[in-house]
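Biologist: Hello! I am new to this structure; could you walk me through it?

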Amino acid sequence: MTAVSPSTAEIFAEFVPASPAQAQAAAEAASLAFPQWRRTSGAERAAYLAAFAEGLRARKPDLVALQMLNSGKPRFEAEIDVEDAAATFDYYAGLAREMDAGQGKPLALADPALGGRSFLEPLGPVALIVPWNFPMVTTAWKLAPALAAGCTAVLKPSEFTTLAELVYGDIALACGLPAGVLNIVPGGGAIGGALCANPVFRKISFTGSNATGARVMAAAAERTVPVSLELGGKSPLVVLEGSDPATAADIIAAGIFFNAGQMCSATSRVILPAASSASIEEALLAKVRSLRLGGPGLAEADMGPLTTRPQFGKVKAYLRQAAAGGLTCLHGGKAADIDGGFFIEPTVFRDVPFSHPVWREEIFGPVVALTTAASPDEAMALANDTDYGLAATVVGPDADEAQAFAARIDAGHVWINTPQIIFPNTAWGGFKGSGIGRELGPWGLSAYCAVKFITRPS
């Protein structure tokens, strides 16, 4: 398989994918390692997790450079990724240290002759399947809580961004993680399918498209094992009347143009107050015109290319559909000719029909659609009129009013008057078609645990 620089469309490395036989061997290794790993103390597991965080930070310059080369991220985004991944391991190291003290918590029962105690047990070997848009980060969100809980893991990175993920294998070897606790199997969909069908695994955690998520869920249903699915989104950003136009514009731009819009949480549907939409639109367009597109060679780049050739083609198809349908394009609307790379101009549409794919479907690129609402109730109806429910943003001059509005949105994570900042102790996951379960925070740890209750004479 090849690693491609999306900034130039050139191959810069080759690597050998795992075979189905190697995927089976990895599953068996995880199974063999589980009995011993589950018996380690929380403090022991915490030490390994802290070593992962330290190892990421020690390799930060190289990982940032690799992210810029393989994913096309601007430097500031690549640096955020490494820090986010390290912070996740630090956070779950802390939770692992606390686990032992919480085990065996007593519970009084209705019969005074009996007493109960509850325990959290690791589920067992787990399969972790991660996407290409945030290498290392989405892996940390899965791997750190799985190891903290006492599970062993087989990780399948995306075939497009495998190289950065291999650092976890290097760190595992360097810190002396027991053999079989972490296994990495690069490859495409066939390897992911083999993991989903393997009876060794007691849980599958997947982040990616809804179409693939449905297949993962179907495979898990064959064996009735639990799944965590972090899927798509078509997230709204609602600006309330009286908001500062410049502030609104900054938050809108960050919500759709960070990582070139390749975020399941991208706030790609923006709902403006009708009375003041013109001033907000003007501020947004000024912001968009100032964005600098470029690859690793442009130190001041604000936005890079799309990460993969297939995604580049998909976004261009949406833009052709928009042009054919006569949508009002205020900025962009086409690919940018930069060094032969997969660049899309930051694109802003206005008054897109609510039945149009640009309004309803996840584009996964730097494309935003603006509309207006005459009242907060109309804005709420538009915000919730989607098959997804992952994330949302509310911008408003009054914090209490914005909070009340946010409480009515069908979304798993809502930001108020802030860009999309995600901390390890918060929750991540959505409603409706955006998936099943939660990552991050204590909920992320619980996703890899089963509750055991023991009843005995007092």
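Modeller: Gladly! UniProt positions are given in the numbering used here, feature names are shortened, and annotations may be inferred rather than shown by experiment. This is a predicted model, where local features need pLDDT of at least 70, side-chain atom pairs count only at pLDDT 80 or more, and totals for chains, interfaces and linings use all residues. Residues are numbered from 1 along each chain as its sequence is written, and side-chain values use heavy atoms, with hydrogens and water left out.

Biologist: Which residue does UniProt list for "active site"?

Modeller: The record is an unreviewed entry. The residue named there is in strand E9 (residues 227-230), strands (E) being DSSP runs of at least two residues and helices (H or I) of at least four, numbered from the N terminus. For "active site", UniProt lists Glu230.

Biologist: Is Glu230 buried or exposed?

Modeller: Buried means under 20% relative accessible area, exposed over 50%, and partly exposed in between (1.4 Å probe, protein chains only). Because its relative accessibility is 5%, Glu230 counts as buried.

Biologist: Where does the largest nonpolar core lie?

Modeller: A nonpolar core is a set of buried Ala, Val, Leu, Ile, Met, Phe, Trp, Tyr and Cys residues joined through side-chain atoms within 4.5 Å. The largest one has 118 residues, and its largest share, 11 residues, comes from helix H4 (residues 75-102). Domain bounds come from an automatic or database domain assignment. Both domains give residues to this core, so it lies between domain 1 (2-231 + 434-457) and domain 2 (236-416).
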